[in-house]
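Student: I have the sequence and the coordinates open and would like to go through them by question and answer. Please define each term when it comes up.

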Amino acid sequence: MSEIVKTLDHVDNYLKIGQEYEASDIHLPVNSKPHWRRFGSLTPIWEDAEPLTAADTERLAKSFLTERELTRLEKTGDVDFAYANDLGRFRASVVRQRLGLDMAFRIINTTVRSMDDLGLPETLKPLTQYHNGLVLVTGAVGSGKSTTLAAMVDEVNGARQDHIITLEDPIEYIFSSRTCHVNQREVHTHTASFAAALRGALREDPDVIMVGEMRDLETIQLAITASETGHLVLGTLHTGNAPRTLDRVLDVFPVDQRDQIRIMVSESLRGIVSQQLVPRLDGTGRVLALEYLVNTPAVSNCIREGKTFMLGGIMQTGKNVGMITMDDSLKELYNQGLVSQEECMSRAADQVGMRKHFEI
């Protein structure tokens with residue numbers, strides 16, 4: 001590909017190359033070469049490419065933005081939306097910065113993969129069988145939360161006869177109604193906010209509600225209420241492990257409400273899945289490291305009493321119900337020869353414990 005050094009005339013050309021070479025993201029930054037993220041690393045697509053000028057990125061932005069999105073970009077300085085073309089679907093972000101326009105695209109695998117296809121543990125499937133309660137999928141940006149959540153929704157969609165509502169920003173995976181009836185709503189396109197969509201969803205006779213991001217007090221409060229009132233709520237948070245997830249949920253509430261919220265969460269929580277995508281040792285891709293918390297009576301008691309720091313120990317003794325800590329998941333991947341010692345050390349919550357594991 002080294003002979004392709006000129007600026008391409010449409011963003012679709014960059015997206016096609018990204019798809020062909022299994023990149024997860026394409027970056028078109030002003031005053032820099034086009035970049036892609038492959039297997040977790042951000043590198044130039046072509047080392048000898050010409051840097052994109054402000055005029056280049058302006059032209060590329062106008063090659064795919066609609067009038068509505070251009071107006072939003074001019075008004076607010078940034079625009080995020082789902083972009084679809086003949087190649088597939090992409091999560092697009094265009095922002096105006098000091099030097100001009102920057103663009104980033106997440107390449108979405110439009111085929112919804114099943115939980116089995118993703119290699120998710122069988123112990124996660126019971127989370128999709130509840131008729132009420134709260135299930136949280138957490139991790140950093142780019143850790144595969146949306147893919148896992150889509151697989152869980154697909155599991156419900158093929159196994160039950162329910163009404164599923166998804167609230168997303170933007171819509172990524174497209175679900176065809178199977179044995180369930182599925183409605184998908186996009187924030188900023190079909191509704192003003194997650195909170196507004198969630199309030200509306202409660203009046204639409206849903207059985208399962210998928211909340212793409214629980215990012216503020218009102219959304220979290222409504223999600224907890226919905227999970228208590230006969231709905232299964234699947235949501236995501238940008239947190240690294242189960243204890244931090246619970247701390248984040250509880251800490252958004254005013255101090256005088258936290259005792260009550262702890263009780264509500266201790267009763268409504270079904271499980272927390274936290275994940276990371278770790279580069280493979282052989283450089284051929286990434287592998288999933290997964291932490292899983294099940295709400296057992298011991299876990300519920302810890303949440304109610306505000307002792308989330310004890311959850312790590314409970315997860316280590318709860319392997320009979322499928323629980324596993326992130327550090328133990330990393331150790332398993334290392335023992336299987338899939339990831340490096342350095343990756344395990346850099347991602348470990350308990351550095352001392354991880355170091356001891358390698359000294360054995």
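Student: Which residue in strand 13 is the bridge partner of Q275?
Tutor: This is a predicted model, so local features need pLDDT of at least 70 and side-chain atom pairs count only at pLDDT 80 or more, while totals for chains, interfaces and linings use all residues. Residues are numbered from 1 along each chain as its sequence is written, and side-chain values use heavy atoms, with hydrogens and water left out. Strand 12 (residues 269-279) and strand 13 pair in the antiparallel sense over nine bridges; strands are DSSP runs of E with at least two residues, helices are runs of H or I with at least four, both numbered from the N terminus, and two strands pair if DSSP finds at least two bridges between them. In strand 13, the bridge partner of Q275 is L290.

Student: Which are the edge strands of the open sheet with the order 9-8-10-11-7-12-13?
Tutor: This open sheet has seven strands with mixed pairing. An edge strand pairs on one side only, and that applies to strand 9 (181-186) and strand 13 (286-294).

Student: What is the average twist from one strand to the next, and what angle does helix 5 make with strand 8?
Tutor: The twist averages 15° from one strand to the next. Helix 5 (residues 194-201) packs on the sheet, where it touches strand 8 (163-168), strand 9 and strand 10 (208-211); contact means heavy atoms within 4.5 Å. Axes are lines fitted to C-alpha atoms, for helices over the stretch in contact, and angles run from 0 to 180 degrees between N-to-C directions. The direction of helix 5 makes with that of strand 8 an angle of about 170°.

Student: In the open sheet of six strands, which strands stand at the edges?
Tutor: The strand order is 3-2-1-6-5-4, with antiparallel pairing. Two strands have a single partner strand each, so one side of each is left without a neighbour in the sheet: strand 3 (41-44) and strand 4.

Student: Which residue in strand 6 does D25 stand opposite?
Tutor: Strand 1 and strand 6 pair in the antiparallel sense, over four bridges. In strand 6, the residue opposite D25 is R106.

Student: Which residues of helix 1 (residues 11-20) are buried, and why are they on the same side?
Tutor: Buried means under 20% relative accessible area, exposed over 50% and partly exposed in between, with a 1.4 Å probe and protein chains only. The buried residues of helix 1 are V11, Y14, L15, I17 and G18. They are on the same side because they cover an arc, taken from the directions from the helix axis to the C-beta atoms, of only 160°.

Student: At what angle does helix 1 run to strand 6?
Tutor: Strand 1 (25-28), strand 2 (35-38), helix 2 (54-62), strand 4 (78-85), strand 5 (88-97) and strand 6 (100-108) are among what covers the buried residues of helix 1. Helix 1 lies across strand 1, strand 2, strand 4, strand 5 and strand 6, and its angle to strand 6 is about 40°.

Student: Which helix gives the most to the largest nonpolar core?
Tutor: A nonpolar core is a set of buried Ala, Val, Leu, Ile, Met, Phe, Trp, Tyr and Cys residues joined through side-chain atoms within 4.5 Å. The largest has 65 residues, and I224, V265 and L293 touch the most other members. With six residues, the helix that gives the most to this core is helix 4 (residues 145-159).

Student: How many residues are in the second, separate core?
Tutor: The second core is separate from the largest one and includes I26, W46, L52 and L101. Its residues number 29.

Student: Where does a cis peptide bond occur, and which residues does it join?
Tutor: P170 is in the loop between strand 8 and strand 9. The omega of the cis bond is about -5°, and the residues joined are D169 and P170.

Student: Is N31 buried or exposed?
Tutor: N31 lies in the loop between strand 1 and strand 2. Its phi is near 60°, a positive value in a residue other than glycine. With a relative accessible area of 52%, N31 is exposed.

Student: What radius of gyration does the protein have?
Tutor: The radius is taken over C-alpha atoms, and the globule rule is 2.2 Å times the number of residues to the power 0.38. With 360 residues, a compact globule would come near 21 Å. The protein agrees with this, at 22 Å.
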